[in-house]
Amino acid sequence: MLCKGVWHSIQKNSQPRLLHHVPKSPLPGEPAKPYTLCDVPGPRSQALMKEFSKIQQVGSIQYFADYQRSVGNYLADIDGNVFLDMFMQLAMVPLGYNHRSILGALSCAGNQRIIANRPALGLYPGLEWPCKLEDTLLQPCVAPKGLPCVFTAMCGACANEHAIQMAFIKYADRLRGSEDFTDEEKETAPYNKPPGCPELSILSFDGAFHGRTFGALALTHYKYMMKIDIPSLPWPIARYPHYMYPLDEYEKENRKEDDKCLDEVKKLIEDYEKKMPVAGIIVEAIQSEGGDRHASPDFFHCLQDIAKKKKIPLILDEIQTGGGATGRIWAHEYFELNSPPDMVTFSSKMQASGVYHTPEYMPKHPYRVFSAYMGDPTKILILEAVLQAIEAEDLLTHVCHVSNYLLCQLNALQQEFPELISAVRGRGFIIGFDAATTDLKNKIRLALLSRGVQVGDSGSKSIRLRPCLIFGEYHADIFIDTLRCCLRDIEES
């Protein structure tokens, strides 16, 4: 299949074709390179953390940023350090810092009135709201093919919550066989009892991250710190493929891994049929928090077949992978599924959050899937500017070219330091590689930060890169040179 060819072409160690039209120079207004003036966090950040800790837990804060001085691919902190940011606020910033298109959209007087009046979109949307959705989220080149309906939400976790609600409602409607609720259902639902609140489940995968609200957290299987002491739901958890790299050398082994995981999905659905039927399957297009783990197009084809045979929806979580991060608006476009997924959830680089879905998942009654705010119109205004920049600057093509260049350089680096890093992988700017140990991963990340380059970590041993869409070859060279220095120092220490 064509999709398998695409899969291998971006994963294997062979040299991709490099295109030379991408400028290898700083973007206008950006510094020539990152620099650090002090340790991170610096003294001003440390002092502010001490004060802030009196009102909030600050253990997760790395430093305080100076967003007035941040520009493009560079994030400044309040101590004068300037970082090449290859993490971009957990992959949420599409055009870098203080992009002129976004600032222009927010300075428009008409848009300011939309922002200032903060409409409750579920109750009193403005005249322009349907048109705004048509011109942004529902553009033919933006909306996932075959999904003409969209429900806007407050955040990524909220989007997943609403998606699983839609799945449960559709499943119950199918069993009920009519639009009318029984008196017993009406009486028991307010008290969390069946038949009003039926015993149903959603199948998810180990290593998944779908958010921190209650239902989404039940579908998240990553760090214990997220879940410990929080009551949860006994829903089925299937194994997600763990591949061996490079992919072209381990095709047979990875195909067996796919089969093993898919067999487990089928068995879990059967096992839960009597006690807590599976009403939907939710899966990330690429597991981000769980270790930058990819699954093959064939895996997703088979997973969709399983869902269709069981008459349950396949929910693709594209919260971290949507919005052009892979060189296409949606990562699942690479899978070339035989039919559209039933639902696609989105947020992060899309700015706005929500659920795309087929018409059959639109609730028949008002208030069933509902939120007074139903998202933030400010985010749609920003998305409008982002989409215009993507088109005007051909940023999806740019992401494909530069990511090929960066993956090529990373593959060369892993051959130079095979004892330190391995398993370079990626689609577009969703890029990861593994360190030999967890301790080494932390050393690499901190060494990069001390030299002015910010990356993320993922899973137990993975470093993840999430640059914005305007990241260029020039920035890639800075990153590779800095990473090489860090690895050389670690190797010699």
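A salt bridge here is a side-chain nitrogen of Lys or Arg within 4 Å of a carboxyl oxygen of Asp or Glu. With that in hand, let's work through some exercises on this predicted model.

## Exercise 1: A salt bridge inside one helix

**Task.** Work out how the side chains of Lys266 and Asp263 meet, and where the two residues lie in helix H11.

**Solution.**
- Step 1. Start with the distance: from N to O, Lys266 and Asp263 are 3.7 Å apart. The cut-off is 4 Å, and the pair is a salt bridge.
- Step 2. Now place the residues. Both Lys266 and Asp263 belong to H11, which covers residues 251–272. They are three residues apart, about one turn of the helix.
- Step 3. Recall a rule about helices: an α-helix has 3.6 residues a turn, so residues three or four places apart point the same way.
- Step 4. Check the surroundings. Lys266 has a relative accessible area of 38% and is partly exposed; Asp263, at 45%, is partly exposed too.

## Exercise 2: A buried partner

**Task.** Decide whether Asp66 is buried or exposed, then describe its contact with Arg69.

**Solution.**
- Step 1. Buried means under 20% relative accessible area. Asp66 has 19%, so this residue is buried.
- Step 2. Arg69 has a relative accessibility of 39%, which makes this residue partly exposed.
- Step 3. The closest N and O atoms of Arg69 and Asp66 are 3.8 Å apart, and the two residues form a salt bridge.
- Step 4. For the wider picture, the whole structure holds 20 salt bridges.

## Exercise 3: Linking two helices

**Task.** Find which parts of the chain are linked by Glu416 and Arg488, and which residues share a salt-bridge network with them.

**Solution.**
- Step 1. Glu416 and Arg488 form a salt bridge, with their closest N and O atoms 3.9 Å apart.
- Step 2. This pair connects distant parts of the chain, 72 residues apart: Glu416 lies in helix H14 (residues 395–416) and Arg488 in helix H16 (residues 473–492).
- Step 3. Glu416 is partly exposed at 37% relative accessible area, and Arg488 is partly exposed at 33%.
- Step 4. Add the neighbours: a network of salt bridges links Glu416, Asp481, Arg484 and Arg488.
- Step 5. Look along H16 itself. Its 20 residues reach 28 Å from first C-alpha to last, close to the 28 Å expected at 1.5 Å a residue. The buried residues of H16 include Tyr474, Phe479, Leu483 and Ile490.

## Exercise 4: Two pockets

**Task.** Describe the largest pocket and the second largest pocket by volume and lining.

**Solution.**
- Step 1. Volumes come to about 1300 Å³ for the largest pocket and about 780 Å³ for the second largest.
- Step 2. The largest pocket has 44 lining residues; nearest its centre lie Gln62, Phe87, Leu90, Glu289 and Arg464. By class, its lining has 19 nonpolar, 16 polar and nine charged residues.
- Step 3. Elements that each supply at least two residues of that lining include strand S1 (65–71), helix H7 (156–176) and helix H15 (438–450).
- Step 4. The second largest pocket has 23 lining residues, with Phe168, Gly196, Cys197, Pro198 and Leu200 nearest its centre. Two or more lining residues come from each of H7 and helix H8 (183–188).
- Step 5. H7 gives the most to this second lining, with seven residues. The classes are 15 nonpolar, three polar and five charged residues.

## Exercise 5: Strands and a hairpin

**Task.** Give the strand order of the open sheet of four strands, then trace the hairpin of S11 and S12.

**Solution.**
- Step 1. The order in the sheet is S1-S2-S3-S13, and the pairing is mixed. S1 and strand S13 (453–454) are the edge strands, each pairing on one side only.
- Step 2. S3 (residues 82–85) and S13 run parallel, joined by two bridges; Leu84 has Val453 as its bridge partner in S13.
- Step 3. Turn to the hairpin. S11 and strand S12 (residues 430–435) pair in the antiparallel sense over five bridges, with Gly426 opposite Ile431 in S12.
- Step 4. Two residues separate S11 from S12, and Gly428 in the turn has a positive phi of about 55 degrees.
- Step 5. Why is S11 (residues 421–427) largely enclosed by the rest of the structure? Because six of its seven residues are buried.

Note on methods:
Residues numbered from 1 in each chain as written. Predicted model: local features only at pLDDT ≥ 70, side-chain atom pairs only at ≥ 80, totals over all residues. Heavy atoms only, no water. Buried < 20%, exposed > 50% of the residue type's maximum accessible area, 1.4 Å probe, protein only. Expected span 1.5 Å × (residues − 1). 1 Å grid on protein atoms, 1.4 Å probe; cavity = no way out; pocket = protein on both sides within 12 Å on 5 of 7 lines; lining within 4 Å. Points joined across faces, edges and corners; volume = space filled by probe spheres on them. Nonpolar A, V, L, I, M, F, W, Y, C, P; charged D, E, K, R; others polar. Pairing = 2+ DSSP bridges.
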